[in-house]
Amino acid sequence: EHYRAMYLAQGFAPIRALWLERCEGLGQTITANLGERQIIGTFKDIGPHGELRVQGPDGTDTLITSGEVFYPS
């Protein structure tokens, strides 16, 4: 309830900041399965609306809003 109240009062930005402090995999290579498409790249950030930002080998960013994400084991 605390975080819900924070979100309602201040928006997503403080939730995003807290999430980034605790996330695993930031800066690591990930694979994202998006149905018919697969993206392999570096997990760079979480966007202002909660989307995952992945940077491909060519330097382009892809924002992922839904999919299965895997880290190498």
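This passage describes the strand pairing in a predicted model and the surroundings of one residue, Asp-45. In this predicted model, local features require pLDDT of at least 70 and side-chain atom pairs count only at pLDDT 80 or more, while totals for chains, interfaces and linings use all residues. Residues are numbered from 1 along each chain as its sequence is written, and side-chain values use heavy atoms, with hydrogens and water left out.

Five strands (DSSP runs of E, at least two residues, numbered from the N terminus) form an open sheet with antiparallel pairing, in the order E4-E3-E2-E1-E5. Strand E4 (61–64) and E5 each have a single partner strand at the edges, so one side of each has no neighbour in the sheet. From one strand to the next, the twist averages 45° (axes are lines fitted to C-alpha atoms, with angles from 0 to 180 degrees between N-to-C directions).

Strands E1 (residues 29–34) and E2 (residues 37–46) pair (at least two bridges found by DSSP) in the antiparallel sense through six bridges. Two residues separate these strands in the hairpin, where Gly-35 adopts a positive phi near 75°. Leu-34 has Arg-37 as its bridge partner in E2, and Ala-32 stands opposite Ile-39 in E2. E1 also runs antiparallel to E5 (residues 68–70), to which three bridges join it; here the partner of Ala-32 is Val-69.

Asp-45 belongs to strand E2 and is buried (under 20% relative accessible area, 1.4 Å probe, protein chains only) because its relative accessibility is 18%. The side chains of Asp-45 and Arg-16 are joined by a polar contact of 2.8 Å, such a contact being a pair of N or O atoms within 3.5 Å, one able to donate a hydrogen and the other to accept it.

Note on methods: Helix = DSSP H or I, 4+ residues; strand = E, 2+ residues; numbered from the N terminus. Buried < 20%, exposed > 50% of the residue type's maximum accessible area, 1.4 Å probe, protein only.
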